Structure formats: structure tokens, C-alpha cells
Amino acid sequence: MEKFFKNALKVSIASLVISITLYIVIIAFFLLSVVTANIFGTVIKIIVPILILVTILGFIYSFFIKDKQKIPFLTLHFVSLCALSFGIYLAVSFQGFAP
């Protein structure tokens, strides 16, 4: 485990894979939310904080990559943070419209 966290590229790749996997889980539960709306709310309350932490960890570790791969990983993690922020903004904005 100690060697894993010393290699910034491996941590950034793992963070990106976990983020993409969690996005897929959120989309899958959203598509199935017609049947199970309560489960979707519970899953969102669990997955979104994990997704935020993993994305921030990957973004921070992307600064320590020393190859030419630094810019793409910084960009991908930044886009992920922007998508999360926009999704949270939409959820808070439209909270009053749902019954």
C-alpha cells in the first residue's frame, strides 16, 4: 500500500477508474429509479461523498505526476469535479420543484 501511494500516476489512474465506475452506478440507478425511488436516494447519499473524495484525491495526486501525462489527468479530474459541482447545483436548485 505504501508503494501504491508513492506513485502518483497509479493513484490518479485508480481514482479515475473508480470515478467512472461510480458515475456508471449513479446512471444505472437513475435509469432504474422509476421502480425504486427510495433506493436511488439512498445510493446517491452514499455514493456522492465517496465520489467527491476520490475525485479530489485524484486531482491532488495529478499535480505530482512528472511525465507528459500530467495535463490530461488534471483536465479529466477537473472536468469530473465540474460535473459533480453542476449536478449538486442542479439538485439544490430544483429541490423545491419536486413533490
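**Four helices and their buried contacts**

Me: What share of the chain's contacts with a separation of 6 or more comes from residues 24 or more positions apart?
Reply: In this predicted model, residues 24 or more positions apart account for 61% of the contacts that have a separation of 6 or more.

Me: How do you know which secondary structure elements make up the chain?
Reply: The assignment gives four helices and zero strands, and from the N terminus on the elements run α-α-α-α. The C-alpha trace of the chain spans about 50 × 25 × 20 Å along its principal axes.

Me: What makes serine 12 count as buried or exposed?
Reply: Buried means under 20% relative accessible area, and serine 12 has a relative accessible area of 0%, so serine 12 is buried. This residue lies in helix H2, and, leaving aside neighbours within four places in sequence, serine 12 is in contact with Gly58, Ser62, Ile65, Phe73 and His77.

Me: Why is serine 62 classed as it is, buried or exposed?
Reply: The relative accessible area of serine 62 is 0%, and because the limit for a buried residue is under 20%, serine 62 is buried. Serine 62 lies in helix H3, which covers residues 37-62. Apart from neighbours within four places in sequence, the contacts of serine 62 are Ser12, Lys70, Phe73, Leu74 and His77.

Me: Why does valine 48, with a relative accessible area of 18%, receive the label it has?
Reply: The value of 18% has to be set against the cut-off of under 20% for buried residues, and because 18% meets that condition, valine 48 is buried. Valine 48 lies in helix H3 and touches Ile26 and Ile88, when residues up to four places away in sequence are not counted. The C-alpha atoms of valine 48 and leucine 84 are separated by 8.3 Å, although the two residues are 36 residues apart along the chain.

Me: What makes phenylalanine 29 partly exposed?
Reply: Partly exposed covers values between the buried limit, under 20%, and the exposed limit, over 50%; phenylalanine 29 has 28% relative accessibility and therefore counts as partly exposed. Its place is in helix H2. Beyond neighbours within four places in sequence, phenylalanine 29 is in contact with Ile39, Phe40 and Val43, while phenylalanine 29 and glycine 41, 12 residues apart in sequence, are 9.4 Å apart in space from C-alpha to C-alpha.

Me: How do you know which class leucine 90 belongs to at 30% relative accessibility?
Reply: A value of 30% is neither under 20% nor over 50%, so leucine 90 counts as partly exposed. Leucine 90 has its place in helix H4, residues 70-93, and with Phe86, Tyr89, Phe94 and Phe97 it forms a nonpolar patch on the surface, where the five together have about 600 Å² of accessible area.

Me: What describes the packing of helices H2 and H4?
Reply: Two packed helices are described by the angle between their axes and by the distance between the axes. The axes of H2 (residues 8-31) and H4 come within 11 Å and cross at roughly 35°, and H2 passes H4 in a left-handed crossing. Leu9, Ser12, Ile13, Ser15, Leu16 and Tyr23 of H2 meet Phe73, Leu76, His77, Ser80, Ala83 and Leu84 of H4.

Me: How much of the chain is buried, and what share of its accessible surface belongs to carbon and sulfur atoms?
Reply: Buried residues make up 25% of the 99 residues in the chain. The accessible surface comes to about 7,300 Å², and 78% of it belongs to carbon and sulfur atoms.

Technical notes. Residues are numbered from 1 along each chain as its sequence is written. This is a predicted model: local features need pLDDT of at least 70, side-chain atom pairs count only at pLDDT 80 or more; totals for chains, interfaces and linings use all residues. Side-chain values use heavy atoms; hydrogens and water are left out. Patches are made of residues with over 30% relative accessible area and no salt bridge: like charges are joined within 9 Å, nonpolar side chains (Val, Leu, Ile, Met, Phe, Trp, Tyr) within 5 Å. Accessible areas come from the Shrake-Rupley method with a 1.4 Å probe; for residues, only the protein chains shown count as cover. A salt bridge is a side-chain nitrogen of Lys or Arg within 4 Å of a carboxyl oxygen of Asp or Glu. Helices (H or I, at least four residues) and strands (E, at least two) are DSSP runs, numbered from the N terminus. Buried means under 20% relative accessible area, exposed over 50%, partly exposed in between (1.4 Å probe, protein chains only). Axes are lines fitted to C-alpha atoms, for helices over the stretch in contact, and angles run from 0 to 180 degrees between N-to-C directions. A crossing is left-handed if the near helix is turned anticlockwise from the far one by less than a right angle, and right-handed if clockwise. Contact means heavy atoms within 4.5 Å.
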